[in-house]
Amino acid sequence: MTLQAPEQTVPPRVVLLDIEGTTLPVSFVHNVLFPYARKHLTALLTERADDPAVVRAVAQIGELAPGVAPAEQLARWMDEDAKVEPLKTLQGLCWDVGYRQGELVADLYADVVPCLRTLHEAGIVLAVYSSGSEPAQRLIYGYTEQGDVTALFSAFFDLRVGGKKEAQSYRAILAETGWQAADVLFLSDVEAELDAAATAGLRVCQIARAQDATVPSQRHPVAPDIAQALARFGLSGNGQGVGERAASC
Ligand SMILES: [Mg+2]
């Protein structure tokens, strides 16, 4: 008897998506979002010093980097692209202003919104897991070239469930949602994140975007875009599951 590969069995019921390098070009994050936040962070710390979110983030910075001025520590973290909660929170506050003022529009990969719409219409649960804060995630999907698509998602997970390279974070997501691990397909460009998700029992596929020059994984299924990843897992193009409608997403 030959065992089928996981991607050839029952299609996933949940698709959990990374953002940077998966649905949004890395270049947009690094060339547009990060510089925008860097430009406005210091002013935000003073202008909104009484904002409870700013107060909490500054307190967290003090715990993580005692004796260092918050603005200085934030600059260090930005230089390192550190995935730390207070930085992500404050960046999210900066971007909130930028999106609302029309200075920022999320330039999602072209296949993303059509695929997400098709999956949503087919009853597949969609969720986000990104190191960007939940508010920042909602801004990205709230201000896309195709308009506000946040309603397509059932849940948004960020570093509050833990780091994306830790299997425990994916277990926390399963515990919070009640999803069965084998029902969930996690899509990300980063192999270490796929390792962690697979360790927790999720199905995984790497999105290796040519534009981002992602190095293809040697350990996990790889697809060049969302549409082809979905096809690989029975969610499009084979006349079953989601059906032909997804073939063109
Ligand atoms: Mg990524």
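A residue counts as buried if 20 or more other C-beta atoms lie within 10 Å of its own. Keep that cut-off at hand for this tour of a predicted model.

**Stop 1: W95**

Select W95. It is found in helix α4. Is W95 buried or exposed? W95 has 26 other C-beta atoms within 10 Å, so it is buried. Now show its contacts, leaving aside neighbours within four places in sequence. They are L33, Y36, A37, L104, A136 and L139. Pick A37 from that set. A37 and W95 are 58 residues apart along the chain, yet their C-alpha atoms are separated by 6.6 Å.

**Stop 2: helix α6**

Two of the contacts of W95 were A136 and L139. Both belong to the buried residues of helix α6, residues 134–142. Select the buried set: A136, Q137, L139, I140 and Y141. What do the buried residues of α6 pack against? Colour α4 (85–100), β2 (125–129) and β3, and you have the partners. In general, an α-helix has 3.6 residues a turn, so residues three or four places apart point the same way.

**Stop 3: two domains**

Zoom out. Give domain 1 one colour: residues 6–24 and 106–248. Give domain 2 another: residues 28–100. The centres of the two domains, taken over C-alpha atoms, are separated by 27 Å. Where the domains touch, domain 1 supplies 13 residues and domain 2 supplies 11 residues. On the domain 1 side, the touching residues divide into 6 nonpolar, 5 polar and 2 charged.

**Stop 4: the sheet**

Show strands only. How many strands form the open sheet, and in what order? There are 6, in the order β3-β2-β1-β4-β5-β6, with parallel pairing. Look at the edges. β3 (155–157) and β6 (222–223) each have a single partner strand, so one side of each is left without a neighbour in the sheet. As a rule, strands of a sheet pair through backbone hydrogen bonds, either parallel or antiparallel.

Next, select β1 (residues 14–17) and β4 (residues 184–188). They pair in the parallel sense over 4 bridges. Add β5 (203–207). β4 and β5 also run parallel, joined by 4 bridges. Find F186, which stands opposite V204 in β5.

**Stop 5: L17**

Select L17, in strand β1. Opposite L17 stands L187 in β4. L17 counts as buried, because 23 C-beta neighbours lie inside 10 Å. Leaving aside neighbours within four places in sequence, the contacts of L17 are T22, T23, V128 and L187. Try a distance too. From L17 to A196 is 14 Å, C-alpha to C-alpha, across 179 residues of sequence.

**Stop 6: strand β5**

Stay with β5 and show its side chains. It is mostly covered, with 5 of its 5 residues buried. Which residues point which way? R203, C205 and I207 go one way, while V204 and Q206 go the other way. In a regular strand, side chains alternate between the two faces of the sheet.

**Stop 7: the nonpolar core**

Now the largest nonpolar core, which has 60 residues. Select the members with the most contacts inside it: V15, L16, L185, F186, L187, A197 and I226. Domain 1 and domain 2 both give residues to this core, so it lies between them. In soluble globular proteins, nonpolar side chains tend to be buried together.

Centre on L185. Beyond its neighbours within four places in sequence, L185 is in contact with P12, V15, L16, R203, C205 and F233.

**Stop 8: two loop residues**

Go to D81, in the loop between α3 (70–80) and α4. D81 has 11 C-beta neighbours inside 10 Å, so it counts as exposed. Check its phi: about 55°, a positive value although D81 is not a glycine. Most residues other than glycine have a negative phi.

Then jump to A213, in the loop between β5 and β6. A213 also has a positive phi of about 55° and is not a glycine. With 9 other C-beta atoms within 10 Å, A213 is exposed.

**Last stop: confidence**

Colour by pLDDT. The protein chain averages 92, and 92% of the residues score at least 70. Where is the pLDDT below 50? Select residues 237–241. Beyond near neighbours in sequence, this stretch has 8 contacts in the model. Where pLDDT is low, the predicted coordinates should not be read in detail.

Technical notes: Residues are numbered from 1 along each chain as its sequence is written. This is a predicted model: local features need pLDDT of at least 70, side-chain atom pairs count only at pLDDT 80 or more; totals for chains, interfaces and linings use all residues. Two strands pair if DSSP finds at least two bridges between them. pLDDT is the predictor's confidence in each residue, from 0 to 100. Two residues are in contact if their C-beta atoms, placed from the backbone, lie within 7 Å. Domain bounds come from an automatic or database domain assignment. Ala, Val, Leu, Ile, Met, Phe, Trp, Tyr, Cys and Pro count as nonpolar, Asp, Glu, Lys and Arg as charged, and the others, Gly among them, as polar. A nonpolar core is a set of buried Ala, Val, Leu, Ile, Met, Phe, Trp, Tyr and Cys residues joined through C-beta atoms within 7 Å. A residue is buried if 20 or more other C-beta atoms lie within 10 Å of its own, exposed if 12 or fewer, and partly exposed in between; C-beta atoms are placed from the backbone.
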